[in-house]
Amino acid sequence: MSMEKAKKYLEAKGYGDRIIVPEASTATVELAAAALGAEPGAIAKTLSFLMGGGAILILTEGTARIDNHKFKQVFHTKAKMIPGDQVETLVGHAPGGVCPFGANPEVPVYLDVSLKKHPVVYPAAGDDHSGVRLTVEELESLVGMDRWVDVCKE
């Protein structure tokens, strides 16, 4: 179901032809990089955090790690990942395919500045066997993101 939601979203925006569906899994950064023929940093990893009673999504470069101090400075709360069994309900996509495309409409999306290191990035497309080839500018336009943040370790 998640792949269909993401595909519908991307098709409506004119980017349906950018979806890549390799035979190999894309469930982790390393697997996605191998399956999509990209360097691990170019995988746009979508992280889901609890915020108040809901969720937020932050897309980072694939090799980035969240800096808890920076996260707290930006969001005024401690970084708390959504437990795996709650991700699909809160976000609209299951773990391994979490992406901003077709996510629940109330979920804010943020892009971390670490993505700017890569001219082309590959976020998931709703399941663990997909990716979408986009420039950072296209990703920014597509997600209607709330804002850029700097919440990753250097």
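Here is a friendly chat between a visitor and a guide about this predicted model.

Visitor: What kind of model is this, and which pLDDT do local features need?
Guide: Residues are numbered from 1 along each chain as its sequence is written, and side-chain values use heavy atoms, leaving out hydrogens and water. The model is predicted: side-chain atom pairs count only at pLDDT 80 or more, totals for chains, interfaces and linings use all residues, and local features need pLDDT of at least 70.

Visitor: Which element gives the most residues to the largest nonpolar core?
Guide: A nonpolar core is a set of buried Ala, Val, Leu, Ile, Met, Phe, Trp, Tyr and Cys residues joined through side-chain atoms within 4.5 Å; buried means under 20% relative accessible area, exposed over 50%, and partly exposed in between (1.4 Å probe, protein chains only). The largest one has 29 residues, and Val 91, Phe 101 and Leu 139 have the most contacts inside it. Elements here are DSSP runs, numbered from the N terminus: helices (H or I, at least four residues) and strands (E, at least two). α1 (2-12), β3 (54-61), α4 (84-91), β4 (109-112) and α5 (136-143) each give two or more residues, and the top giver, with four residues, is α5.

Visitor: Why might nonpolar side chains gather like this?
Guide: There is a general trend to keep in mind. In soluble globular proteins, nonpolar side chains tend to be buried together.

Visitor: How far apart are the closest N and O atoms of Arg 18 and Glu 138?
Guide: These two form a salt bridge, meaning a side-chain nitrogen of Lys or Arg within 4 Å of a carboxyl oxygen of Asp or Glu. Arg 18 sits in the loop between α1 and β1 (19-20) and Glu 138 in helix α5, 120 residues apart. Arg 18 is partly exposed at 26% relative accessible area, whereas Glu 138 counts as buried at 17%. The closest N and O atoms of the pair are separated by 2.8 Å.

Visitor: Is Lys 117, the salt-bridge partner of Glu 61, buried or exposed?
Guide: The closest N and O atoms of Glu 61 and Lys 117 are 3.0 Å apart. Glu 61 lies in strand β3 and Lys 117 in the loop between β4 and β5, 56 residues apart. Glu 61 has a relative accessible area of 6% and is buried. Lys 117, at 58%, is exposed.

Visitor: Which residue does Lys 70 form a salt bridge with?
Guide: Lys 70 counts as buried, at 15% relative accessibility. Its partner counts as partly exposed, at 35%. With the closest N and O atoms 3.2 Å apart, that partner is Asp 150.
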